[in-house]
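Good morning, everyone, and thank you for coming. Please take a moment to look at the sequence and the structure before I begin to walk you through them.

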Amino acid sequence: MKRPGTDATSPTRLQAGGEPALSVIVPTRNEASNIEPLLARLEDVLASIDAEVLVVDDSDDATPEIARQIATRSALPIRVHARLPGQRSGGLGGAVLVGFNEALAPVCVVMDADLQHPPELLGTLLGVSRTGADFVIASRYVDGGGDEGLGGWYRHAVSMLATWVAKRVLRPELAGISDPMSGFFLVRRSCLDLPSLHPQGFKLLLELLARYPRATVAEVPYSFEARHSGASKAGLKEGFTYLSRLAELRAQARRAPQRPRRQLVPAACGASADRPSAGAEVTANPSALGEKDTYSRL
């Protein structure tokens with residue numbers, strides 16, 4: 001099943017089952033040492049879910065070639081869209097937007113390629129989405145979650161400060177959400193106006209939450225793991241992009257005729273795609289169980 005802009009595909013299950021239930025979008029940039037173990041774990045996790053994987057790549061290394069090779073022998077439908085230099089507008093957010101436009105499923109999960117986002121949570125995200133939530137956010141900051149993978153105190157402090165600032169600047173739009181900076185989330189495509197989206201930088205979820213304050217949200221806890229290999233792409237430039245974009249989102253929100261408070265959707269405890277997951281803890285409203293960090297209450 002070939003689509004425009006797609007370099008490789010493994011169509012076996014999609015042809016047999018038609019439209020998949022889930023599209024997993026993985027934006028990549030120079031993840032040659034991570035893409036193979038990630039796709040191996042995704043193949044195991046998605047064996048019982050009718051799903052596809054879209055790798056949208058902005059790399060200067062062998063990441064897309066490795067992903068194409070894996071796609072040719074995988075039972076999991078994998079498509080690779082490699083963006084050439086000069087076509088990489090929007091950074092990570094722009095790559096995810098390409099994935100949204102090419103996805104076949106009604107719901108999409110966005111996750112990083114460095115294995116800091118555990119693929120084993122995908123079934124839970126999909127299961128919780130069936131309670132009616134437009135967004136299901138994997139959160140580090142509700143009971144049961146953790147952010148140990150951030151590493152040293154400096155990255156913890158920067159993450160906490162960035163989250164606090166976002167929640168203050170966009171108070172109604174982010175009300176009750178513990179982790180609006182998460183890069184690991186599910187979204188229902190029907191709630192997005194894709195032609196109107198022009199994301200910039202790493203924090204795509206923040207932009208989507210700001211643009212769609214009426215969309216319903218659930219959160220599930222997860223542990224942000226250590227990076228499998230390589231170095232983080234975050235840096236000073238991304239920090240400036242974040243602050244600039246946050247100011248733009250604030251200005252757009254203030255121009256809106258109304259700024260409704262976010263509606264949170266109760267999620268069934270232990271929900272999964274096919275059956276309850278033993279030991280899974282799910283909460284749609286962080287205030288119901290208590291948030292781990294006081295800054296998340298602001």
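Let me start with two definitions, since the sheet cannot be described without them: two strands pair if DSSP finds at least two bridges between them. Strands (E, at least two residues) and helices (H or I, at least four residues) are DSSP runs, and they are numbered from the N terminus.

I should also say at once that this is a predicted model, in which local features need pLDDT of at least 70 and side-chain atom pairs count only at pLDDT 80 or more, while totals for chains, interfaces and linings use all residues. Residues are numbered from 1 along each chain as its sequence is written, and side-chain values use heavy atoms, with hydrogens and water left out.

Now to the sheet itself. It is an open sheet of 7 strands, with mixed pairing and the order 3-2-1-4-6-5-7. Strand 3 and strand 7 are the edge strands, each pairing on one side only. From one strand to the next, the twist averages 20 degrees; for such angles, axes are lines fitted to C-alpha atoms, for helices over the stretch in contact, and the angles run from 0 to 180 degrees between N-to-C directions.

Let us follow the sheet from strand 1, which covers residues 22–28. Strand 1 runs parallel to strand 2, and 7 bridges join the two; Ser23, for example, has Glu52 in strand 2 as its bridge partner. How many residues of strand 1 are buried? The count is 7 of 7, where buried means under 20% relative accessible area, exposed means over 50%, and partly exposed lies in between, with a 1.4 Å probe and protein chains only. In a regular strand the side chains alternate between the two faces of the sheet. Here Leu22, Val24, Val26 and Thr28 point one way from strand 1, whereas Ser23, Ile25 and Pro27 point the other way, and all of them are buried.

On the other side of strand 2 (residues 51–57) we come to strand 3, which runs parallel to strand 2 and is joined to it by 5 bridges. Among the partners, Val53 is bridged to Ile78 of strand 3, and Asp57 stands opposite Ala82 in strand 3. Strand 3 (residues 78–82) has 4 of its 5 residues buried, so it is largely enclosed by the rest of the structure.

Next, the helices. Helix 3 lies across strand 1, strand 2 and strand 3, and it runs at about 160 degrees to strand 3. Two packed helices are described by the angle between their axes and the distance between the axes. For helix 2 (residues 35–45) and helix 3 (residues 63–73), the angle is about 30 degrees and the axes are 10 Å apart. These two helices are therefore roughly parallel to each other, since angles under 35 degrees count as roughly parallel, over 145 as roughly antiparallel, 65 to 115 as roughly perpendicular, and the rest as oblique. Their contact (heavy atoms within 4.5 Å) is made by Ile35, Glu36 and Leu39 of helix 2 and by Thr63, Ile66, Ala67, Ile70 and Arg73 of helix 3.

Helix 5 (residues 122–129) has 8 of its 8 residues buried, so it is largely enclosed by the rest of the structure. Its buried residues, among them Leu122, Leu125 and Val128, pack against strand 1, helix 2, strand 4, strand 5, strand 6 and strand 7. Helix 7 (residues 204–211) is also largely enclosed, because 7 of its 8 residues are buried; these include Leu204, Glu207 and Ala210.

I will finish with two loop residues. Most residues other than glycine have a negative phi, and most peptide bonds are trans. Which value does phi take at Asn30? Phi of Asn30 is near 55 degrees, a positive value in a residue other than glycine. Asn30 is found in the loop between strand 1 and helix 2, and at 31% relative accessibility it counts as partly exposed. Leu115 also has a positive phi, near 70 degrees, and its place is in the loop between strand 4 and helix 5. Is Leu115 buried or exposed? With a relative accessible area of 5%, Leu115 is buried.
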